[in-house]
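Please walk through this model with the viewer open. Start from one helix and work outward.

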Amino acid sequence: MRKTLVESNTGLRWTLYTTLEDTDYADDLALLSHTEDHMQEKTKNLEETAKMIGHKINTKKTQLMYLNTERHSVIFIEGKQLETVDSFNYLGSCITQKVVLKDTKIRIGKARSAFIRY
């Protein structure tokens with residue numbers, strides 16, 4: 001991910017000077033962006049980096065979820081358009097737009113408080 005997101009600054013604003021570019025869940029990854037162009041750029045970089053180390057993104061398992069915006073579904077991997085979803089299952093939980101927003105706010109709050117202490 002370090003090679004994929006080098007000097008990207010295309011994620012969600014974290015603090016005044018930093019952005020949250022991705023979140024990692026076990027062997028899963030969530031890329032975060034404000035624009036579809038940024039998301040396509042990140043996806044392309046991830047695909048290229050994965051190829052360099054002999055990995056491949058599973059397009060059948062890769063999905064898009066839009067939050068607080070219209071859906072256009074124009075993100076491609078290996079020339080295949082990714083599926084756009086309203087919800088997905090992760091570790092037995094159904095993740096929806098409302099759950100993601102609430103959970104993300106809680107996680108960001110906890111992370112900020114942890115960094116502020118140190």
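Which strands are included in what covers the buried residues of helix 1? Strand 4 (28-31) and strand 6 (76-77) are among the elements that do so. Keep in mind that this is a predicted model.

First, the overall layout. The protein has two helices and 10 strands. From the N terminus on, the order is β-β-β-β-α-β-β-β-β-β-β-α. The protein counts 118 residues, and 28% of them are buried. Among contacts with a separation of 6 or more, 35% join residues 24 or more positions apart. The exposed surface comes to about 9000 Å². Carbon and sulfur atoms supply 53% of that surface.

Now back to the helix. Helix 1 has 17 residues. From its first C-alpha to its last, helix 1 reaches 24 Å, close to the 24 Å expected at 1.5 Å a residue. Just after helix 1 comes Gly-54, with a positive phi of about 85 degrees.

Which residues of helix 1 are buried? They are Met-39, Lys-42, Thr-43, Leu-46, Glu-47, Thr-49 and Ala-50. The list mixes side-chain types, so take its members in turn. An α-helix has 3.6 residues a turn, so residues three or four places apart point the same way.

Begin with Lys-42, which lies in helix 1 (residues 36-52). Is Lys-42 buried or exposed? Lys-42 counts as buried because its relative accessibility is 1%, and the cut-off for buried is under 20%. The side chain of Lys-42 has a polar contact with the side chain of Ser-33, at 3.4 Å.

Next come the charged pairs. Side chains of opposite charge can pair when their charged atoms come close. How many salt bridges does the structure hold? It holds two.

One salt bridge links Glu-48 and Lys-44, with the closest N and O atoms 3.7 Å apart. These two are four residues apart in helix 1, so about one helical turn separates Glu-48 from Lys-44. Glu-48 is partly exposed, at 41% relative accessibility. Lys-44 is also partly exposed, with a relative accessible area of 46%.

The other salt bridge links Lys-51 and Glu-47. Here the closest N and O atoms are 3.9 Å apart. Lys-51 and Glu-47 are likewise four residues apart in helix 1, so they too are separated by about one helical turn. Lys-51 counts as exposed, because its relative accessibility is 54%. Glu-47 is buried, because its relative accessible area is 14%. This salt bridge therefore joins an exposed lysine to a buried glutamate.

Turn to the nonpolar side chains. In soluble globular proteins, nonpolar side chains tend to be buried together. Which residues make up the largest nonpolar core? There are nine in all: Leu-31, Met-39, Leu-46, Ile-57, Leu-64, Tyr-66, Ile-75, Ile-77 and Leu-82. Met-39 and Leu-46 belong to this core, and both are on the list of buried residues of helix 1.

Ile-77 is a useful core residue to select next. Leave aside its neighbours within four places in sequence. Ile-77 is then in contact with Thr-43, Glu-47, Ile-57, Thr-59, Thr-62 and Leu-82. Two of those partners, Thr-43 and Glu-47, are buried residues of helix 1. Ile-57 and Leu-82 are fellow members of the largest nonpolar core.

Move on to Glu-78. Glu-78 is found in the loop between strand 6 and strand 7 (80-81). Its phi is near 50 degrees, a positive value in a residue other than glycine. Glu-78 is partly exposed, because its relative accessible area is 31%.

Finish at strand 4, one of the strands from the opening question. Asp-28 has its place there. With a relative accessible area of 37%, Asp-28 is partly exposed. How far apart are Asp-28 and Thr-62 in sequence and in space? They are 34 residues apart in sequence and 9.7 Å apart in space, C-alpha to C-alpha.

How values were computed:
Residues are numbered from 1 along each chain as its sequence is written. This is a predicted model: local features need pLDDT of at least 70, side-chain atom pairs count only at pLDDT 80 or more; totals for chains, interfaces and linings use all residues. Side-chain values use heavy atoms; hydrogens and water are left out. Buried means under 20% relative accessible area, exposed over 50%, partly exposed in between (1.4 Å probe, protein chains only). Contact means heavy atoms within 4.5 Å. Accessible areas come from the Shrake-Rupley method with a 1.4 Å probe; for residues, only the protein chains shown count as cover. A polar contact is a pair of N or O atoms within 3.5 Å; within protein, one must be able to donate a hydrogen and the other to accept it, and residues adjacent in sequence count only if both atoms are side-chain atoms. The expected span of a helix is 1.5 Å times one less than its number of residues. A salt bridge is a side-chain nitrogen of Lys or Arg within 4 Å of a carboxyl oxygen of Asp or Glu. A nonpolar core is a set of buried Ala, Val, Leu, Ile, Met, Phe, Trp, Tyr and Cys residues joined through side-chain atoms within 4.5 Å.
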